[in-house]
Amino acid sequence: MKKYLFIAAMLTMSLAVFSQAKKPTLMVMPSDAWCYQNGYMKIIPDGEGHEAQIPDYEEALRTSMDLKLAIAKINDLMAERGFPLKDLEQQVKLIRQQTAEQNLVTSKSGNEMAESPVDNLLRVAKADIIIELTWDIKEQGPKRTLSYILEGKDSYTGKSIGGSNGTSSPSFSADVSVLLEEAVVAHIDNFNSRLQAYFDDLFANGREVSLEIRVFADNAAGIDLESEVGTDGEELAEVIDGWMATNTVEGRFTKLGSSENYIAYEQVRIPLYSNSGVAMDTEAFARKLRNYLRKEPFNIPVKIMNRGLGKCILVLGEK
Amino acid sequence: MKRNILLLALAVLMAMPSFAGAKKKAEKDTEHFRYEIECAGNGTQGTYLVKVWSYSKRAKVAAEQCMKNAVHGVIFKGYTGGNGCVAQKPLANRPGVEMEYEEFFKLFFSDNGEYYKYVSLTGATQDVVKVGKEYKVGIIVSVQKDELRKALEQAGVIRGLGSGF
């Protein structure tokens, strides 16, 4: 009897763990504007014979004490609210360490670890929600004022979650770090209140994600999105549209564009939990669509490429 | 001598209902948001520095009520900013939350209730203005908003940022 009670208790506990929605990750980063203004940009070739400027976070974190202080303060205040953030500096270090390991590890027979160009591209500091930080000091004679912007952005939908901004009162004596700390402390509650509204919307209307459907060229299944695969001659794109309408929260999604090789869905509202009560993310949602397409009468093989908590790409025709 | 003592006792007895009446009226004013709350500067980490104006026929009652009104204001009203001061939203901004948790707040805002833990006077000075038949008293107080938020989260009145995940 005791044994059954123990099993029941364990099952209840595991269900409680599963039934929590997946927590989005947050990370504070300096904005591109701040990096540009303060000379923390690096130039890289874009592969088409031109040069592109991208923010050099590593250099910024190594040399700007003000930036480190602001990020540490925000991390501290968010941890206080029960929402610890990913640390940009640690992420940058981790990526460098992973790259070094990747280059050194070989098998006993001398083979290197497999890595596709996409794997390499994805190895960047990222989080589900990016908190962009910008500040600027204006001097008027002996007086200094600090203008400050904190803006949250959903990494996958690109939407602004909201932010907080303002200008400090003029100060004769306070240095930048003091003004910055004051600004962070004064503005964080307003930012968190917007973040809370975003989370409330998420719980009420489901997680907003993006989904892309693509087709392998000359695939073995011999299909594209205009192939008539439905029982009554429906095109594959129509079949997928129908599935989306049934499986999104209140049928909410926007079809951004489509062709015989491509469909882009945005503002797709997926439920936070599956029918069995397990927390769901975009990959789990994409897997449901894959399972539907690979069954009769379609029999289409599908490759899923996960791009985090909020974006997935399904490539049809092969694995 | 006896007569003097009797007169004094009578005066005290007569004054008591008037004091209690003023107190009751001030409590009602709080429930009906009849107070003003404004930013008095950016507080230190974990606190809001606010100036609260309360009304009463007795200046002492109005001054006492300021502490309660400050906590009430931070929870339900929020305040505007300006001049380097940052505006803040109320901690409980869900409509109807005050009615939903009526019993909790009745106890919370009772005399010597839990609200008192989260507010402190920052100085002895107070502004007193006579407005018609009553006094308007303004006091600067510091509200421990982080601790207050935690208490409200624990009571289930407001959701924590990470709750549900």
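The following paragraphs go through the sheets, helices, contacts and a few individual residues of a predicted model.

Chain A holds an open sheet of four strands, arranged in the order S1-S4-S5-S6 with mixed pairing. Its edges are strand S1, residues 26-30, and strand S6, residues 160-167, each of which pairs on one side only. Neighbouring strands in this sheet are turned against each other by 15° on average, direction ignored. S1(A) pairs with strand S4 of chain A, residues 129-140, in the parallel sense, and five bridges connect them. Within that pairing, A:Val28 has A:Ile131 of S4(A) as its bridge partner.

Helix H4 of chain A, residues 65-80, lies across S1 and S4 of chain A and runs at about 160° to S1(A). By the criterion that angles over 145 degrees count as roughly antiparallel, H4(A) is therefore roughly antiparallel to S1(A).

H4(A) also packs with a second helix. Two packed helices are described by the angle between their axes and the distance between the axes. Here the partner is helix H7 of chain A, residues 176-205; the two axes come within 10 Å and cross at roughly 25°. Angles under 35 degrees count as roughly parallel, and H4(A) and H7(A) are therefore roughly parallel to each other. Their crossing is right-handed. On the H4(A) side the contact consists of A:Asp66, A:Leu69, A:Ala70, A:Lys73, A:Ile74 and A:Leu77, which meet A:Val176, A:Ser177, A:Leu180, A:Glu181, A:Val184 and A:Ile188 of H7(A). Sorted by class, the residues of this contact are eight nonpolar, one polar and three charged.

Chain A has a further open sheet, with five strands in the order S8-S9-S7-S11-S10 and mixed pairing. Strand S8 (254-258) and strand S10 (302-306) of chain A stand at its edges; each has a single partner strand, so one side of each is left without a neighbour in the sheet. The average turn between neighbouring strands of this sheet is 20°, direction ignored. S8(A) runs antiparallel to strand S9 of chain A, residues 262-270, and is joined to S9(A) by four bridges. In this pair, A:Lys255 stands opposite A:Tyr265 of S9(A). Helix H9 of chain A, residues 282-294, lies across strand S7 (207-215), S9, S10 and strand S11 (311-316) of chain A, at about 175° to S10(A).

Several loop residues of chain A can be placed against this sheet. A:Glu260 sits in the loop between S8 and S9 of chain A. With 14 other C-beta atoms within 10 Å, A:Glu260 is partly exposed. Apart from neighbours within four places in sequence, A:Glu260 is in contact with A:Asp224, A:Leu225 and A:Glu226. A:Glu212 is 48 residues from A:Glu260 in sequence, and their C-alpha atoms are 13 Å apart.

A:Pro297 lies in the loop between H9 and S10 of chain A. The peptide bond leading from A:Glu296 to A:Pro297 is cis, with omega near 0°.

A:Asp218 belongs to the loop between S7 and helix H8 (236-247) of chain A. A:Asp218 is not a glycine, yet has a positive phi of about 45°. A:Asp218 is exposed, having 8 other C-beta atoms within 10 Å.

Chain B offers a corresponding case in B:Asn112, which is not a glycine but has a positive phi of about 60°. B:Asn112 is in the loop between helix H4 (102-108) and strand S3 (119-131) of chain B. B:Asn112 is exposed, with 6 other C-beta atoms within 10 Å.

Strand S2 of chain B, residues 48-56, has seven of its nine residues buried, so S2(B) is largely enclosed by the rest of the structure. Strand S1 of chain B, residues 36-39, pairs with S2(B) in the antiparallel sense over four bridges, and here B:Cys39 stands opposite B:Val50 of S2(B). S2(B) also runs antiparallel to strand S4 of chain B, residues 134-143, and nine bridges join these strands. There B:Tyr48 stands opposite B:Val143 of S4(B).

The two chains also touch. In this interface, 21 residues of chain A are in contact with 13 residues of chain B. The chain B side that touches chain A comprises three nonpolar, eight polar and two charged residues.

How values were computed:
Residues are numbered from 1 along each chain as its sequence is written. Chains are lettered from A and ligands numbered from 1 in the order in which they are written. This is a predicted model: local features need pLDDT of at least 70, side-chain atom pairs count only at pLDDT 80 or more; totals for chains, interfaces and linings use all residues. Two strands pair if DSSP finds at least two bridges between them. Helices (H or I, at least four residues) and strands (E, at least two) are DSSP runs, numbered from the N terminus. Axes are lines fitted to C-alpha atoms, for helices over the stretch in contact, and angles run from 0 to 180 degrees between N-to-C directions. Two residues are in contact if their C-beta atoms, placed from the backbone, lie within 7 Å. Angles under 35 degrees count as roughly parallel, over 145 as roughly antiparallel, 65 to 115 as roughly perpendicular and the rest as oblique. A crossing is left-handed if the near helix is turned anticlockwise from the far one by less than a right angle, and right-handed if clockwise. Ala, Val, Leu, Ile, Met, Phe, Trp, Tyr, Cys and Pro count as nonpolar, Asp, Glu, Lys and Arg as charged, and the others, Gly among them, as polar. A residue is buried if 20 or more other C-beta atoms lie within 10 Å of its own, exposed if 12 or fewer, and partly exposed in between; C-beta atoms are placed from the backbone.
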